[in-house]
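Student: Could we go through some of the labels attached to this model, and set each one against the value behind it?

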Amino acid sequence: MKITKENLSDIREDYEKAHRYIDEESKNDPPTEPFRSHYIARDVLSSALRKVKTLSEALEPDSEVATTVRCIHANILKDIAKITIFVEEPRGEVLLKEALELIAKDHEKEPAINVRIEILNQLGIMACNQSNFVESKQYLDLAKDVYFETKELDREPLTMADLFGTKEEVEKGKGLKLLESNHTLTLYYLAQVFGFLDNLADSAQYCHMTLQRQLEYNEYEHVDWALNAVTLSQFYFPKNHLTQARHLLAASTFMLNRYETEVVEKAANPTDRAEKEEILRYRMADVGRCWAKYGLHILATSKERLSADDEPNEDGTRDAPLTPVKKVTRFTGLDLAAYEGQVTDEFCLTFDDAKLVMLNSLSWLNKAKEYYTKETEASQYAKILQDIASLYKHLAFFEEDDGNQCKLYKRGADRLEEIVEILNATYYQTICREAWYELGLTYSNMLNVKLGQLDDKQPNDHPTPHALNKINHLCEKSIRNFKKFIESYKIDLDTLDLPDGISEDEMQPILYAYFHIGRLYYRIITPDKRLKLKNTENSLFYYNRFVACCQDERMRPLFGQELGPGVSMTSPKISADKSTDSNAATPKHQQGAGAGGNEPSGQDPSTEAGGNGGTAVQAVVAATVQSIRERGFYGCFSWLKVFRFANLMIKQGC
């Protein structure tokens, strides 16, 4: 039997009618009947399916005509299965496998190529959604093999429209274009599957291949493509693939600018144009924040790189320094030099290098703040402020001038203070906790700079009252913020008992806060011996709680280094009797100063690692209190090595 237009006209009419319901009418479905058009389309396709079955019964099974009808049959079954899956009903997988079985003996023939790949893609993504990732990859690998075999043998696949027409009506090139589109989807789905299989490198590679093919075949939505590119950049820069990450960020920005010129500016309807402009502002703000994250990574990693220990390992070897990976796969057809030239893809070595990176990131965050305002998007606005504070903190590391370093810390602290000022801690508890803790660290860092300035003074240069007041003020602000952080966990400051239900991840910063507060109380400078005693007792109280909590079985793995401050600290010979020569170890800014202070002279703590630090901390601080009660305050400095431990913790980033 020969197929004529009349044989297939009714089937084609039903098929096209069903797709009009899916593609157009479904947009107008009421919320109470979200699948109405899809149900109608399925009924229409079921009618077409019955007609195809009737037609196929009259055909010779091995004829070319029967192959064409089977492929039409498989296409209709595939579409019914897709609707069944979309409306969240069972049997979708059964229908897809039935369609695949239907064309099993025709799988190498040109009419079956595209429908076979489409069915395998659907089975692959369905298995992925059911967490059957290995099975999903098998389906998608098979679809990929069909594509490469077709290209290698130079076959001409057909579209559904070609199947409904005669050989003379086949549209040249349409089948190949559909083949390329289907293969792009295969690669996209494989990228998702590799991600679920924790093969992130292959996932990123397949994502990049998908983006390149979308560019090549002009099959992309500007905004979606830009978001996928910028998301992919977030995979690369944490692995120090800076050139690749920068290239993806530049491509994303380029695509959004193209969206503005090709879509937004050509929108004739004012309402439609306003909507597209809003989308552009929204997504450009997101891309800007990703540029800022890239800059933050460069600054943070540069700091880590410069702070790394140069000492050789036990076997005499040295760890290779962190270096950026220069390997890059570029998008063809995009001129991105102007975008990539705005920021480096190298780590920073000097303040000038770091300043350029910081200013670029800051400019992007300031643009993002124009969209994410505190009135409309308070939480996102607060996160932007956190990133700005981090930029100032990292830049301060590269600043050699103490005064400028403090100014940078202050600018970061101002942003964090704004966060806790504009947010309600009840509703934005997590962000406020992060801000309080970071404020405590920032003021503590400023305090370290100020104390360092005093220690650098000549022995006969007494600190001014203003300098001492500044130090005490920074101590108080740091303590206050750490206490707010602790209180947010419903912890009673009188007992510091940890309530049940706090996770290990949360306990670690809480205990660090205990330690910092104990350390800060001892840094307060006052001539009043009673206040000195009170501050030292507070220091002992917080240190005791820190040590007691660290000795908990759950916490030991997290605080192994912190509990080993040094052999000299653990010596049983340490006692108040060894502190009679008081001024021998008194810091420069305290020698002979009537305003005296509590802070000991610092030494390199790295020479004092190891030992039972918990007992040492308790013994030393307890001895301090006893010494003050018996001999006065200035007799305690020669053996207060606990504060060397404190400096060790700071260097370790606590």
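Tutor: Let us begin with N7, which in this predicted model lies in helix α1, residues 5-23.

Student: What makes N7 count as partly exposed?

Tutor: The relative accessibility of N7 is 25%, and since buried means under 20% and exposed means over 50%, N7 falls in between and is therefore called partly exposed. The C-alpha atom of N7 is separated by 7.9 Å from that of L55, a residue 48 residues apart from N7 along the chain.

Student: Why is S37, in helix α2 (residues 36-57), called buried?

Tutor: S37 has a relative accessibility of 3%, and because the label buried applies under 20%, S37 counts as buried. Leaving aside residues up to four places away in sequence, S37 touches Y21, E25, S26 and D29, and the side chain of S37 reaches the backbone oxygen of E25 at 3.4 Å.

Student: How do you know that α15 and α16 are roughly antiparallel?

Tutor: Helix α15 (residues 378-398) and helix α16 (residues 402-422) pack at an angle of about 165°, with their axes 8 Å apart; as angles over 145 degrees count as roughly antiparallel, the two helices are therefore described in that way. The crossing of α15 and α16 is left-handed.

Student: Which residues meet in the packing of α15 with α16?

Tutor: Among them are Y381, L385, I388 and Y392 in α15, and L408, Y409, R415 and I419 in α16. The residues of this contact divide into 13 nonpolar, three polar and four charged.

Technical notes: Residues numbered from 1 in each chain as written. Predicted model: local features only at pLDDT ≥ 70, side-chain atom pairs only at ≥ 80, totals over all residues. Heavy atoms only, no water. Axes fitted to C-alpha atoms, helices over the stretch in contact; angles between N-to-C directions. Helix = DSSP H or I, 4+ residues; strand = E, 2+ residues; numbered from the N terminus. Parallel < 35°, antiparallel > 145°, perpendicular 65-115°, else oblique. Left-handed = near helix turned anticlockwise from the far one by under 90°. Contact = heavy atoms within 4.5 Å. Nonpolar A, V, L, I, M, F, W, Y, C, P; charged D, E, K, R; others polar. Buried < 20%, exposed > 50% of the residue type's maximum accessible area, 1.4 Å probe, protein only. Polar contact = N/O pair within 3.5 Å; in protein donor to acceptor, adjacent residues only side chain to side chain.
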